[in-house]
Structures are given as C-alpha cells and as structure tokens.
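Biologist: Got a minute to walk me through this one? I'd like to start with the surface and then go residue by residue.

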Amino acid sequence: VGFGISGGLDLQIEHHLFPMLSYHIQQEVQPIIQQTAKEFGVPYHSYSSLTSGIIHHLSYMVELGSKPDDATLETHREEV
C-alpha cells in the first residue's frame with residue numbers, strides 16, 4: 001500500500017544507488033546499505049511511516065521558508 005501511495009519513496013536511496021534492481025531486491029539490500037552508511041558515517045534518513053515522512057518534509061519546508069533570525073545569519077557568515 002505504501003509503495004502505491006509514495007511511489008517508492010521508502011527506497012529512494014536504494015533506487016538511486018541501484019536503479020536496475022527490482023523493488024523487492026531493493027527491499028532486501030536496504031539493511032545492508034543502512035549498515036554501510038552507518039559504518040562510513042554517512043547520514044541515512046528514513047521514517048517509520050509515510051505519515052511521519054510527510055510531516056517531517058512539510059515542517060522542513062516551513063523551516064526553509066521562514067525568515068532567518070540574526071543568529072542564524074551570523075552563524076552562516078562565519079561558516080562562509
């Protein structure tokens with residue numbers, strides 16, 4: 001059901017790493033990719049449900065669209 005609604009977003013990382021693998025094989029390699037990312041310190045973001053993923057995405061869009069405060073601007077200037 002989740003695949004039909006999300007279009008396979010639950011396996012987006014696996015799809016971009018191995019686009020020729022079938023959905024079922026991508027499900028099988030997902031734990032291996034998660035573990036490998038952890039071993040190399042590479043972030044691997046996933047959510048427990050479609051709803052939590054959508055909520056996180058929408059809240060992130062709100063955050064991106066918000067006017068930054070002075071502290072955020074100052075931090076960004078220091079990084080550049």
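Modeller: Sure. The accessible surface of the protein chain comes to about 6800 Å², and carbon and sulfur atoms account for 62% of that. Keep in mind that this is a predicted model.

Biologist: OK, what share of the residues counts as buried?

Modeller: 14% of the 80 residues in the protein chain.

Biologist: And how many helices and strands are there?

Modeller: Five helices and zero strands. Going along the sequence, the pattern reads α-α-α-α-α.

Biologist: Since it's a prediction, what's the mean pLDDT?

Modeller: The protein chain has a mean of 83, with 78% of its residues at 70 or more.

Biologist: Where is confidence lowest, and where is it highest?

Modeller: The low end is helix 1, residues 2-6, with a mean of 57. The high end is helix 3, at 95.

Biologist: Let's stick with helix 3, then. Glutamine 26 sits there, right in the 23-39 stretch. Is glutamine 26 buried or exposed?

Modeller: Glutamine 26 counts as buried, because its relative accessibility is 5% and the cut-off for buried is under 20%.

Biologist: Which residues is it in contact with, leaving aside neighbours within four places in sequence?

Modeller: For glutamine 26, those are Leu11, Glu14, His15, Phe18 and Leu21.

Biologist: What does the side chain of glutamine 26 have a polar atom 3.0 Å from?

Modeller: That's the backbone oxygen of leucine 21.

Biologist: Leucine 21 again! Where is that one found?

Modeller: Leucine 21 is in the loop that runs between helix 2, residues 12-17, and helix 3. With a relative accessible area of 30%, leucine 21 is partly exposed.

Biologist: Which nonpolar surface patch does leucine 21 help make?

Modeller: One of about 390 Å², made by leucine 21 together with Ile13, Leu17, Phe18 and Ile25. Phe18 is also one of the contacts of glutamine 26.

Biologist: Nice. Switching to glutamine 27, what's its status?

Modeller: Glutamine 27 is in helix 3 as well. It is partly exposed because its relative accessible area is 36%, and partly exposed covers the range between 20% and 50%.

Biologist: How far is glutamine 27 from glutamate 14?

Modeller: Their C-alpha atoms are 8.2 Å apart in space, and the two residues are 13 residues apart in sequence. Glu14 also turns up among the contacts of glutamine 26.

Biologist: What about tyrosine 23?

Modeller: Tyrosine 23 is in helix 3 too, and it is partly exposed, with a relative accessible area of 24%. From C-alpha to C-alpha, tyrosine 23 and glycine 8 are 8.0 Å apart, although 15 residues apart in sequence.

Biologist: Last one, glutamine 34. Which residues is it in contact with beyond its neighbours within four places in sequence?

Modeller: Tyr44 and Ser46. Glutamine 34 is in helix 3, and its C-alpha is 9.6 Å from that of serine 46, which is 12 residues away along the chain.

Biologist: And how accessible is glutamine 34?

Modeller: Glutamine 34 is partly exposed, at a relative accessible area of 29%. Glutamine 26, by comparison, counts as buried at 5%.

Technical notes:
Residues are numbered from 1 along each chain as its sequence is written. Side-chain values use heavy atoms; hydrogens and water are left out. Helices (H or I, at least four residues) and strands (E, at least two) are DSSP runs, numbered from the N terminus. Buried means under 20% relative accessible area, exposed over 50%, partly exposed in between (1.4 Å probe, protein chains only). A polar contact is a pair of N or O atoms within 3.5 Å; within protein, one must be able to donate a hydrogen and the other to accept it, and residues adjacent in sequence count only if both atoms are side-chain atoms. Contact means heavy atoms within 4.5 Å. Patches are made of residues with over 30% relative accessible area and no salt bridge: like charges are joined within 9 Å, nonpolar side chains (Val, Leu, Ile, Met, Phe, Trp, Tyr) within 5 Å. Accessible areas come from the Shrake-Rupley method with a 1.4 Å probe; for residues, only the protein chains shown count as cover. A salt bridge is a side-chain nitrogen of Lys or Arg within 4 Å of a carboxyl oxygen of Asp or Glu. pLDDT is the predictor's confidence in each residue, from 0 to 100.
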